[in-house]
Amino acid sequence: MVDSRPTLTMESYWIPTKAAGERLFWMSLEFSLNRPLKQGQPSIVERALSSGCADETLLSLPAVVPPKIRKDARRLLQPWPDGRYTDAYRRSGGILNVFTPPWGEPQDEVWAKMVAGWESDTFADTQTRQEALRALENRWNTTPHPFFAGLTPAQVIVGGGPQETELADEFLKHLTPLYDGRPFESEGEALIKTLTLLRGWQSQPRKDGRMVLEIIVAERNELLARRARVLHELAGSR
Amino acid sequence: MGRESRKGKRRRQARSGQQPPPVGASSEYRRNIGRADDILAKEGVEIRSDNWQQLALDWFAPQEPERGELARYIADHEQRLGTPWAQELLRLEVFFQAEDHAQIIAHYERAFPHYPRCALVEMWVADQVFRHAGDFWRARQMVRYAVDHLTGHAKPHYELGFMSYLLGDFAGALGWFNQAAERVAADNVEMGARILYNRGMVQYLVKGDEKAAIADVEEALRRKPDYPQAKETLRGLRGKVRWVPW
């Protein structure tokens with residue numbers, strides 16, 4: 001008989017900064033929510049979308065999941081806004097962004113440039129002006145952002161899937177023995193060394209010839225498509 | 001990737017005369033200010049109303065093109081600067097020579113908000129904020145200011161290229177490295193070699209342009225023959241290996 005009870009796996013990684021450690025936690029949670037509980041079954045995200053109730057979905061999690069994790073998961077399962085996906089600033093961004101020091105709208109040169117262009121344009125009326133802003137927000141959501149390592153904010157907010165989980169694990173297992181216990185002159189040095197290693201690692205083609213970014217983008221796009229399908233089916237059933 | 005440092009002859013002197021451990025950040029800061037003033041006095045520096053501009057230039061920006069930039073800054077803000085500013089700038093230079101990273105940042109934060117923003121100071125202090133304090137976004141904002149005001153200088157363009165690379169924005173990095181390459185002086189061996197090496201690598205990553213990558217790395221080695229990282233990379237590129245070490 002196969003024992004199918006939930007298991008708890010512990011991994012220990014070396015992380016350069018406290019902020020990266022916090023992001024790593026969010027990255028793992030994002031991965032978990034996108035992972036089907038069993039093969040062929042919907043993920044927690046999809047179940048929450050279908051039911052329209054994150055709390056109900058979270059009740060179905062094993063009892064071993066602590067309240068804090070449930071609370072954090074609830075935050076990630078909130079419906080996406082109609083406008084700009086500003087929550088992308090607070091998400092981990094996956095393995096390609098997990099070490100990037102936290103940033104937000106004040107640092108977002110891309111959005112600032114877009115808004116400056118919109119502000120300098122003239123519009124026939126207020127409604128046209130607001131429509132243009134909505135279009136701009138949508139463009140920001142779906143345009144690869146240089147500060148998200150080339151992911152779009154939509155790809156950031158959807159989280160990573162099983163393939164990215166494996167890639168992240170591979171990198172973290174590569175990083176840890178290299179730098180764990182190694183004295184760094186400063187936090188800046190540790191951060192730069194880690195980011196340099198990450199960018200070198202992601203630049204290596206995989207066995208199938210694809211790059212890490214391609215794999216991650218393809219998987220996140222698939223998750224976005226699945227999300228759109230669930231929402232479409234939900235709209236059709238109402 | 002590495003960086004240019006402001007190491008110099010005064011380094012050993014500034015490190016000498018170690019004091020007992022500080023009791024707090026503020027007392028440590030004041031103690032180091034006292035040490036810097038001692039060093040300046042030993043060097044025979046006496047800042048007066050008739051020599052403060054010359055001392056600032058000689059100490060902080062002895063060579064072109066930085067000297068010209070600082071001279072322009074002084075001319076633009078002469079009425080707001082004067083001997084107190086020159087004293088703060090010379091102290092800052094002493095901390096750079098001593099490679100006292102924390103003190104450089106502390107001194108910048110305490111002494112310079114009272115004066116008009118100086119792009120040269122921003123550029124050099126940003127290095128410390130980024131590479132030592134790890135405050136990436138603050139440093140980026142400082143370097144952007146330097147790029148906007150030191151339009152002909154290679155260093156801030158190079159720094160933005162490096163920062164873009166760290167963010168995973170390889171195309172953006174290539175753009176900045178290209179701009180840095182256009183601006184670097186032929187006799188700036190260290191910076192020139194580094195810019196070309198990194199531009200070659202990013203060209204390879206963004207465009208898969210092996211020929212361009214080899215040409216840039218070869219040029220980096222021509223400028224700086226003792227560049228082990230570039231030698232290793234060139235071997236990799238010529239050997240047709242797929243992975244090029246950074």
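**Exercise 1. Work out how far helix H9 (residues 187-202) of chain A should reach, and check that against the predicted model.**

Step 1. Start with the length: H9(A) has 16 residues. Step 2. At 1.5 Å a residue, counting one less than the number of residues, the helix should span 22 Å. Step 3. Now look at the model, which is a predicted one: the end C-alpha atoms of H9(A) are 22 Å apart, so the two values agree.

**Exercise 2. Find the buried residues of H9(A) and say what they pack against.**

Step 1. To call a residue buried, you need 20 or more other C-beta atoms within 10 Å of its own. Step 2. Go along H9(A) with that cut-off and you'll pick up A:Gly188, A:Ala190, A:Leu191, A:Ile192, A:Thr194, A:Leu195, A:Leu198, A:Arg199 and A:Gln202. Step 3. Check their partners: in chain A, they pack against helix H8 (162-179) and helix H10 (212-237). Chain B joins in too, with helix H7 (119-131) and helix H9 (154-167).

**Exercise 3. Describe the contact between the two chains in numbers.**

Step 1. Count residues on each side: 23 residues of chain A are in contact with 20 residues of chain B. Step 2. Sort the chain A side by type, and you get 10 nonpolar, 10 polar and three charged residues.

**Exercise 4. Decide whether chain A is as compact as a globular protein of its length.**

Step 1. List the secondary structure: chain A has 10 helices and zero strands. Step 2. Compare sizes. The radius of gyration is 20 Å, while the globule rule gives 18 Å for 238 residues; these are close, so chain A is as compact as a globular protein of that length. Step 3. Add the box: the C-alpha atoms of chain A fill roughly 65 × 50 × 40 Å along the principal axes. Step 4. Look inside: 31% of the 238 residues are buried. Of the contacts with a separation of 6 or more, 68% come from residues 24 or more positions apart.

**Exercise 5. Show how the buried and exposed residues are arranged around helix H2 (residues 25-42) of chain B.**

Step 1. Recall the geometry: an α-helix has 3.6 residues a turn, so residues three or four places apart point the same way. Step 2. Pick out the buried ones in H2(B): B:Asn32, B:Ile33, B:Arg35, B:Ala36, B:Ile39 and B:Leu40. They cover an arc of only 165° around the axis, which puts them on the same side of H2(B). Step 3. Turn to the other side, where B:Ser26, B:Ser27, B:Arg30, B:Gly34, B:Ala41 and B:Lys42 are exposed. Step 4. Keep going past the end: just after H2(B), B:Gly44 takes a positive phi of about 80°.

**Exercise 6. Place B:Arg91 in its surroundings.**

Step 1. Locate B:Arg91: it's in helix H5 (residues 83-98) of chain B. Step 2. Count neighbours: B:Arg91 has 22 other C-beta atoms within 10 Å, so it's buried. Step 3. Skip the neighbours within four places in sequence, and its contacts are B:Ile33, B:Ala36 and B:His107. You've met B:Ile33 and B:Ala36 among the buried residues of H2(B).

**Exercise 7. Are A:Ala149 and B:Glu99, which both have positive phi, buried or partly exposed?**

Step 1. Take A:Ala149, with phi near 55°, in the loop between helix H6 (126-142) and helix H7 (153-158) of chain A. It has 26 C-beta neighbours inside 10 Å, so it counts as buried. Step 2. Take B:Glu99, where phi is also near 55°; its loop lies between H5 and helix H6 (101-111) of chain B. With 16 C-beta neighbours inside 10 Å, B:Glu99 counts as partly exposed.

How values were computed
Residues numbered from 1 in each chain as written. Chains lettered and ligands numbered in written order. Predicted model: local features only at pLDDT ≥ 70, side-chain atom pairs only at ≥ 80, totals over all residues. Helix = DSSP H or I, 4+ residues; strand = E, 2+ residues; numbered from the N terminus. Rg over C-alpha atoms; globule rule 2.2 N^0.38 Å. Buried ≥ 20, exposed ≤ 12 C-beta atoms within 10 Å, placed from the backbone. Contact = placed C-beta atoms within 7 Å. Arc of directions from axis to C-beta. Nonpolar A, V, L, I, M, F, W, Y, C, P; charged D, E, K, R; others polar.
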